[in-house]
Amino acid sequence: MAVFLFYGQEEYLMDKEIKKLKNELLDTSFLSMAYKVVDNPSFNTLLECVQSAPLMFGNTLSLIHLDKYLIGNKISLDDKQIESIDYALSSISDSVNIIFVCKVPRDENKKPDSRKKLYKVLSKYSQVREFAQYKNYDKELPSLIIKMAKDKDLTISSDTVIFLIEQIGVNLTLIDSEFEKLAVALHPKKTVDKEAIKKYCGSSEDVFALADFVLQGNKNAILKQYNLLTEKRHPLEIFAALQVNFQRFIYIKNYEKRLSEKDIAAKLKLHEFVVKKTREKLNKTSLDRLIQIRKNLIDAEYKLKTGQSLSPEILLELVLLS
């Protein structure tokens with residue numbers, strides 16, 4: 001008998017652990033009869049799953065999604081129903097296994113309500129595990145993504161991992177999907193580099209690249225990248241993203257001699273590796289220049305919002321080339 005309660009936003013890791021348990025606990029020959037998945041079932045169905053009789057030929061595993069029970073008040077149980085669940089879990093058969101699942105949407109700061117009587121009963125009999133959403137400043141993230149690539153028979157450097165995160169974000173499910181795409185696109189090659197990511201992953205029309213071109217003063221690259229961006233984004237979106245980038249640049253430049261990379265990373269909620277690479281990138285750029293560029297962006301954005309410019313495209317080009 002094994003009973004688990006999994007919750008959290010990191011769906012990729014949760015699904016991976018469920019798959020692992022499924023392979024460990026079940027005989028694949030009888031999978032269709034031994035494995036069931038139910039989504040926020042009625043009380044009667046929930047109780048039936050918990051009371052499942054063992055099969056003659058091996059273990060069973062029930063995957064029961066309960067987010068509507070455990071978050072908010074979409075579904076609730078009365079005291080008598082809670083007692084029935086409690087009793088069923090206390091007398092569960094050795095060959096019956098259950099995984100209660102409460103998936104939380106990404107970027108939502110929610111958890112199962114530990115005050116709920118159902119949660120208290122489930123946690124009493126379950127091995128409880130949280131799958132918290134990874135952030136781009138988590139130290140173990142690069143090594144995790146490198147392992148994800150290895151699972152697809154690919155290799156990727158820490159430097160390229162940071163570039164991948166900047167391109168598509170820290171959604172492990174999406175990153176895993178991109179590795180599948182890369183494995184096919186790069187075959188028979190095995191190494192993932194920045195050029196492959198630009199070519200095959202997400203959108204190559206990247207604001208991070210635009211910010212880098214501005215730092216370099218590469219006018220041709222600025223215009224080319226900006227034109228690519230405006231095919232899919234409104235200029236105000238580009239302004240907002242550039243403002244965030246340059247605000248970060250200014251903070252790192254201003255405190256690079258007073259704070260450690262670790263302290264800067266904690267303050268900006270970035271990975272230390274990102275801070276290190278950004279400091280290297282800003283090595284030949286003065287703080288005054290960074291402040292001036294951001295001032296230009298603020299002035300241009302104000303003119304855009306108040307209708308004082310001929311067009312957003314022309315104004316942004318002038319700001320970036322100034």
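1. In this predicted model, Q51 falls within the loop that runs between helix α3 (43–50) and strand β3 (60–65). Q51 is partly exposed, its relative accessible area coming to 48%. The C-alpha atom of Q51 is separated by 8.4 Å from that of S93, although the two residues stand 42 residues apart along the chain.

2. On the cysteines, the count comes to 0 disulfides. C49 is in no disulfide, since the nearest cysteine sulfur, that of C102, is 17 Å away, and a disulfide would need the two sulfur atoms within 2.5 Å. Seen from the other side, the closest cysteine sulfur to that of C102 is the one in C49, and the separation of 17 Å is too far for a bond.

3. As to the surroundings of these two residues, C49 is buried, with a relative accessible area of 2%, and C102 likewise counts as buried, at 0% relative accessibility. Both values belong under the cut-off of 20% relative accessible area that is used for buried residues.

4. Helix α1 spans residues 11–25, a run of 15 residues, and from its first C-alpha to its last it reaches 21 Å, which is close to the 21 Å expected at 1.5 Å a residue.

5. The buried residues of α1 are Y12, L13, M14, E17, I18, L21 and L25, a list in which the glutamate E17 appears. When reading such a list, it helps to recall that an α-helix has 3.6 residues a turn, so residues three or four places apart point the same way.

Key
Residues are numbered from 1 along each chain as its sequence is written. This is a predicted model: local features need pLDDT of at least 70, side-chain atom pairs count only at pLDDT 80 or more; totals for chains, interfaces and linings use all residues. Side-chain values use heavy atoms; hydrogens and water are left out. Buried means under 20% relative accessible area, exposed over 50%, partly exposed in between (1.4 Å probe, protein chains only). Helices (H or I, at least four residues) and strands (E, at least two) are DSSP runs, numbered from the N terminus. The expected span of a helix is 1.5 Å times one less than its number of residues.
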